[in-house]
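Dear colleague,

I am handing over the structure you asked about, and below it I have set out what was found in it. Please read the notes with the structure open beside them.

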Amino acid sequence: MKPTDTSDPDYFHKVVDCQWACPAHTPVPAYIRLIAQGRYSEAYLLNRESNVFPGILGRVCDRPCEPACRRTRVDEEPVAICRLKRVAADHRGDITDQLPKKPENTNGKRIALIGAGPASFTVANDLAPMGYECTIFEKLDKPGGLMRSNIPAFRLPEDVLMEELDYILNMGVDLKLGSPVASMQALLKEDWDAVFVGTGAPKGKDLEIPGRQDAANIHIGIDWLESVAFEHTKAIGKQVLIIGVGNTAMDCCRTSLRLGASSVKVMARKPREFFKASDWELEDAEEENVEIIVNHSPKAFVHENGKLTGMVFEQIEYDLNLAGAITGQRVTADVMIPCDDVILAIGQENAFPWIEEDAGIEFDKWDVPVIDKVTFESTKRGVFFGGDAAFGPENIIWAVEHGHQAAISIHNHCEGRVLTERTPDEMALKSAKMGMMEWRYSNAYDDAPRRKMRHVELVERFKKLDTEVELGFSAEQIATEVERCLNCDVHTVFEAPLCTECDACIDVCPVECLAITPVAENEDALRGALSASENGNGQSLYVSSELPLSGRVMIKDENICLHCGLCAERCPTAAWDMQEGILQIHYADDQAGSPKA
Amino acid sequence: MTSFRKPKIQRKNEPLNDLGLARVDYEGAMSTLCAGCGHDSVTACLTKAFFELSIDPAKAVKVSGIGCSSKTTNYFLNDAHGANTVHGRMPSVATGAIAANSNLIYLGLSGDGDSLSIGLGQMAHAMRRNVNMLYMLENNGVYGLTKGQFSASADLGSLPKKGAPNEYPAIDPVALALSVGATFIGRSFSGDRKQLVPLIKAGLKHKGFALIDVISPCVSFNDHKGSTKSYAHTYEYYHQAVHADYVPPTDEIKASYDEGDVMPIELHDGGIIQLRKLDQNYDPRDRAAAFQKVMDSKATQEIVTGLLYIDETQPDMHEIQKMEDRPLNEIPYSELNPGAEKLKALQGAFR
């Protein structure tokens, strides 16, 4: 088997599980170290480079980083990455003078951005400081997109949202509120150098079962949340049923409680392990005494004298195989559950009624636009899509990443370059050693369990719709939580020619992830040399070049390494070193020059 | 916080042994030896062997003398009994302890200085008495704790880090053990855990005196060119003659083996040591042949390793002396000290 090529920037990037899992590749351990040092403003700005909205995402990110966290391989729960992001945002000083500025002169290129959500704002964030004239068109009379209309204010306060949107608007971005784009054709006839569609997935799915047509009091979840956010809806009945168990359903049930509902039931078709909602959103809803009822499939709405009185559900029994997959199901009974209102939260999709069929933008058979996965360009040159509008519902952090990538494409497009010529990521490594038993990072393993977010008391939080439930971390919680981070970005870097095969690293490793073994044909054979190989989480097996004394190789299971640095500490020849890896991501303003197309 | 302490971490899905204990339950304090010291590898191998044999740490006794190797008793089996004794006097303390309680598992840890210079007489007599213990001799050819003077195991002509070559012949602990009657004699290398861990397990299960001479390089004072106890030299002249695997009594012996290649030796506990002969025509049950092999290898500088000699038939000290099976602390005082009348009667019997 060939030695591992660690010069590929992806190799060490992948070792940092959280950063690799984050669509925007936020350097999590690096900003957690800054927080640990009390450098909150720097932590905030480091976050902002990649994810643009640390204050918003520190509250409502879908956190793909946390399930990926290496900590879970030795501990029950991951590092509270999202909460620490909020810490950076909560405690930052005035950083306005360190943000990208409105340029003195524009470059004369005009970009139309449709929809004032996270995708469009990210494109504007990347392009406006470069001199592009960005105009955002928004049909509603407040910006934020789904972040405003679908995320309740008790999870994301309006001032937090507006502060981060204003940072971008202050870069000289023109925001046109109450300005729906009614026709793509008409827009294209105007003098725009590029068009970006960031209109989200605004169409909530309906439930076509008997009784659906006859009634008021049956709401589409995302429309209802929007109407609450814009204060058109201020009350709901006492008994509310939510259909669906995604994150939108969680927002619907918790919002209902604040609008006067006293009994809220979330009705799920399948058992709990099939729920789409994130665990923490389920927990937060259940903390508010929302009842979640499993194995009930909606059958019909029931009305009396034109008024909704309840819903009939089929109670379902499932057969599961050993892997937990459903292999069979049967209806065991019909159940009537009384209610005053029903909110449907069973999914959403993107919809473009304003894009004409002959606008030159191709849609596939599911009416989803055909978008290039790298450039985010549609089939029409100069028209780009991002966020939920591109590939259907995802989340804010994906929208941000789409925005970054679309911005690079728009820049290349305006410069007349080939869109796919994008400067690849680079990985810079620098030693973290300061001396004997001294490292530039906190290498000690702290076995503290995850800190729990403090919440406003139940009685208090229901008094006002916009009382933020989460209080943020206390100083003590911050101090403990930062130490839980394993600093996966401080990498174990091995120089085979220096190794004397003394085994000191193997002996000291607290998780037995190292071995020296004869060269073998394949990875499985090599893994056999490890006392416990836990091949998983998509992590690699590092294989060194042949060692000078015996011709064997050093192998390391990247999956279970805790980055404690003891191998490097005990190595007599510094063949092992701990080196901080800094991933350099090139955004639109940092693309290497490329030949004209 | 930066730290050089090894944290006690149990991975998820990490295997437990028959006692329900994890690997970390067999660990000890953090080593304070030099980074890269061979002794730390020996410590790791001992930890692994005790874990895999499911020996209750509280049923183990670690005894050592003075020296870098003797310090290592602190670095594993935190819950075991232990005595750091006087320089070179570990064998007599171990002998006494075994006389008092033969039901525990005894491990002696020593080095070439502690065993072959100041403690040579002690070690030789413990072997001669076939005391039931595993004696680990961590052999690096120098006095590391006093900054690297040659020890009695340094080879003739071996070069020090600075100064003149060694002018005295080496005492070979394996040759010595063969001549004074040890019943389990092995040699290994701290860098070869695949050989060392099974060898330690076999040595712990052997009834009688088991010596393992482990080449365990001193990274600070004897790991340079011209040294015959360096990592580089050991890797170059390393030769495996016999590989020993311990098979517990409960395990079925799965592999069928060709006579001549694998040789099973039954132990007192019903377990088996499977010897894989890497050198054909070498019989580790033949003391004279073993002696010949060791002497021959001297000429070629070859470091012959593995289980070089075993005799499972000899009685140990406990048996020879017809000692009490019960630990002395479990015997009622009236029985231990039957009183002046009984003593008088006994003395009368000798008159």
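**Helix 5 of chain B**

In helix 5 of chain B, which runs over residues 120-128, the buried residues are B:Q122, B:M123, B:A124, B:A126 and B:M127. I should say at once that this is a predicted model, so please read everything that follows in that light. The buried residues of helix 5 of chain B pack against helix 3 (90-100), helix 4 (112-116) and helix 6 (173-180) of chain B, and also against strand 8 (209-215) of chain B. As a general point, an α-helix has 3.6 residues a turn, so residues three or four places apart point the same way. After helix 5 of chain B comes B:N130, which has a positive phi, near 55°.

**The two chains as wholes**

Chain B contains 12 helices and 12 strands, and 48% of its 351 residues count as buried. Its C-alpha trace spans about 70 × 55 × 50 Å along the principal axes, and its radius of gyration of 21 Å agrees with the value near 20 Å for a compact globule of 351 residues. Of the contacts in chain B with a separation of 6 or more, 71% are between residues 24 or more positions apart.

Chain A, for its part, contains 21 helices and 23 strands, and buried residues make up 47% of its 597 residues. The C-alpha trace of chain A spans about 90 × 65 × 45 Å along its principal axes, while its radius of gyration is 26 Å, in agreement with the value near 25 Å for a compact globule of 597 residues. Among the contacts in chain A between residues at least 6 apart in sequence, 73% join residues at least 24 apart.

**Where the chains and domains touch**

The contact between the two chains takes 27 residues from chain B and 30 residues from chain A. On the side of chain B that touches chain A, helix 1 (38-52) and helix 8 (231-237) of chain B are the elements that give two or more residues, and helix 1 of chain B gives the most, with 5 residues. By class, the residues on this side of chain B divide into 12 nonpolar, 9 polar and 6 charged.

Chain A is itself divided into domain 1 (1-20 + 424-597), domain 2 (101-202 + 350-415) and domain 3 (205-347). The centres of domain 1 and domain 2 of chain A, taken over C-alpha atoms, are separated by 36 Å, and the contact between these two domains takes 10 residues from domain 1 of chain A and 12 residues from domain 2 of chain A. The side of domain 1 of chain A that touches domain 2 of chain A has 4 nonpolar, 2 polar and 4 charged residues.

**A buried asparagine in chain A**

A:N350 lies in the loop between strand 14 (348-349) and strand 15 (383-385) of chain A. Why does A:N350 count as buried? It does so because 22 C-beta neighbours lie inside 10 Å of A:N350, where the cut-off for a buried residue is 20 or more. Leaving aside residues up to four places away in sequence, A:N350 touches A:G200, A:A201, A:V368, A:D388, A:A389 and A:G392. Of A:N350 and A:A389 it can be added that they are 39 residues apart in sequence and 5.5 Å apart in space, C-alpha to C-alpha.

**Strands in chain A**

Strand 11 (residues 307-320) and strand 12 (residues 326-338) of chain A form a hairpin with 5 residues between them, and A:G324 in the turn has a positive phi of about 90°. The two strands pair in the antiparallel sense over 11 bridges, with A:Y318 standing opposite A:Q329 in strand 12 of chain A. Strand 12 of chain A is hardly covered, since the count of buried residues among its 13 residues is 0.

An open sheet of 3 strands in chain A has the order 20-22-21, with antiparallel pairing. Strand 20 (514-517) and strand 21 (541-543) of chain A stand at the edges with a single partner strand each, so one side of each is left without a neighbour in the sheet. Neighbouring strands of this sheet are turned by 20° against each other on average, direction ignored. Strand 20 of chain A pairs with strand 22 (residues 553-557) of chain A in the antiparallel sense over 4 bridges, and A:A515 stands opposite A:I555 in strand 22 of chain A.

With best wishes

Terms used
Residues numbered from 1 in each chain as written. Chains lettered and ligands numbered in written order. Predicted model: local features only at pLDDT ≥ 70, side-chain atom pairs only at ≥ 80, totals over all residues. Domains from an automatic or database assignment. Contact = placed C-beta atoms within 7 Å. Nonpolar A, V, L, I, M, F, W, Y, C, P; charged D, E, K, R; others polar. Pairing = 2+ DSSP bridges. Axes fitted to C-alpha atoms, helices over the stretch in contact; angles between N-to-C directions. Rg over C-alpha atoms; globule rule 2.2 N^0.38 Å. Buried ≥ 20, exposed ≤ 12 C-beta atoms within 10 Å, placed from the backbone.
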